[in-house]
Structure formats: C-alpha cells, structure tokens
Amino acid sequence: MVTVRSVYPSFSANDIDAARTFYADTLGLRVTPLPEGGGLVLHLDGGTSVFVYPKDNHQPATFTVLHLAVDDVDQVVDELTAKGVTFERYEGFDQDEKGIARGFMEGGDGAWFTDPAGNVVGLTDGEGMQKLLG
C-alpha cells in the first residue's frame, strides 16, 4: 500500500518569469519563486499549492491543467478581459458572447483561458464540484 503524505498538482511552463507575472499580476495569486530558476509555487485560497516547473521543450496540454473555483465567473471573466485575457471557445460547448458555458461543472458556469505557456486554465463557480472534491 502506498502511503501518501500530501498531494500537489503540477504543470510546466517554458518561461517562468512570464508565468510568475501572469499568475501574480494578472490573476492576483500569491506566488513564491523557487531558488535558482527552479519554478514557482502558486498558493491558492483553501491551502492548495500548485508547482509550476520550468521545461525548455514545454508543450502545452490539450486539456485544462487547472480549474479555479471562484465566487462569480461573470465577474472574473469581465476583470480578466479588461486585463487583456482572451477566453477560449470550444466546439460542443454552448458558450455565450463572453465565452462562458452556463450550467457547467455540476450546475455552475465555466470559462477557459490560456496562460503565457499555452496551458489551459478553467474557471468555475459551481458548488457541485467543490462538494465532490472536498
């Protein structure tokens, strides 16, 4: 049996400085740079941390690497759009003019954008997924 002490999600970026600027300044997250270009730690509300590691030959994932649970997707989409963030549109999703999918993720709304490395980040304000994930 594997004994797990803790779990932390991680993903790569090809430009750690651009990632730090985006996650700290654009999204407003608390970010800790690791020594000697070793990556970043993103500190999310609720105690979750995410490790972003440098990878020169980084290829962005074709899926969402991080979902951020927010109080109001509409408000966050408006704020990020004003900061120059472009929201993704996906075939098969009924998204409105802002790029928001209504009734997504267990009853909430959802929207997606990419970070400077092309990683897909999602927003959701549904309570259903938060309950499922604890």
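## Worked exercises on sheets, loops and salt bridges

Glutamate 36 is exposed, with a relative accessible area of 84%; here exposed means over 50%, buried under 20% and partly exposed in between, using a 1.4 Å probe and protein chains only. Keep in mind that this is a predicted model, where local features need pLDDT of at least 70 and side-chain atom pairs need 80 or more, while totals for chains, interfaces and linings use all residues. Residues are numbered from 1 along each chain as its sequence is written, and side-chain values use heavy atoms, with hydrogens and water left out.

### Exercise 1: loop residues

Work out where glutamate 36 sits and what sign its phi takes.

Step 1. Find the loop: glutamate 36 is between strand 2 and strand 3. Helices (H or I, at least four residues) and strands (E, at least two) are DSSP runs numbered from the N terminus.

Step 2. Check the backbone. Phi of glutamate 36 is near 55°, so we have a positive value in a residue other than glycine.

Now do the loop between strand 3 and strand 4: is glycine 47 buried or exposed?

Step 1. Glycine 47 lies in that loop, with strand 3 covering 40–43. At 63% relative accessibility, glycine 47 counts as exposed.

Step 2. Look for a distant reference point: leucine 29 is 18 residues away from glycine 47 in sequence, and their C-alpha atoms are 12 Å apart.

Step 3. Don't skip glycine 46. Strand 3 and strand 4 make a hairpin with 5 residues between the strands, and glycine 46 takes a positive phi near 95° there.

### Exercise 2: the sheet with strand 1

In what order do the strands of this open sheet come?

Step 1. Walk across it: the 4 strands run 1-4-3-2, with mixed pairing. Two strands count as paired if DSSP finds at least two bridges between them.

Step 2. Spot the edges. Strand 1 and strand 2 (30–33) each pair on one side only. On average, neighbouring strands of this sheet are turned by 25° against each other, direction ignored; axes are lines fitted to C-alpha atoms (for helices, over the stretch in contact), and angles between N-to-C directions run from 0 to 180 degrees.

Step 3. Sort out what "mixed" looks like. Strand 1 runs parallel to strand 4 (residues 49–54), joined by 4 bridges, whereas strand 3 and strand 4 pair antiparallel over 4 bridges.

Step 4. Put residues on it. Phenylalanine 51 in strand 4 is the bridge partner of serine 10 and also of valine 41. Alanine 13 stands opposite proline 54 in strand 4.

### Exercise 3: the sheet with strand 5

Why is one side of strand 5 and of strand 6 left without a neighbour in the sheet?

Step 1. Get the order: this open sheet of 4 strands reads 5-8-7-6, and its pairing is mixed.

Step 2. Strand 5 (64–69) and strand 6 (101–104) stand at the edges with a single partner strand each, so one side of each has no neighbour in the sheet. Neighbouring strands are turned by 35° against each other on average, direction ignored.

Step 3. Take the pair of strand 5 and strand 8 (residues 120–124), which is parallel and has 5 bridges. Histidine 67 faces glycine 122 in strand 8.

Step 4. Add the helix. Helix 2 (residues 73–82) lies across strands 6, 7 (108–114) and 8, at about 20° to strand 7; contact here means heavy atoms within 4.5 Å.

### Exercise 4: salt bridges around lysine 98

Which side chain meets lysine 98 in a salt bridge of 3.3 Å, N to O?

Step 1. Pick the partner: aspartate 74. A salt bridge is a side-chain nitrogen of Lys or Arg within 4 Å of a carboxyl oxygen of Asp or Glu.

Step 2. Place both ends. Lysine 98 is in the loop between helix 2 and strand 6 and aspartate 74 is in helix 2, so the pair ties together parts 24 residues apart in sequence.

Step 3. Lysine 98 also forms a salt bridge with aspartate 78, with the closest N and O atoms 3.0 Å apart. Aspartate 78 is in helix 2 too, so this pair ties together parts 20 residues apart in sequence.

Step 4. Compare cover: aspartate 74 is buried at 19%, while lysine 98 at 26% and aspartate 78 at 40% are partly exposed.

Step 5. Bring in arginine 102, whose side chain meets aspartate 96 at 2.6 Å, N to O. Shared partners join Asp74, Asp78, Asp96, Lys98, Arg102 and Asp109 into one salt-bridge network.
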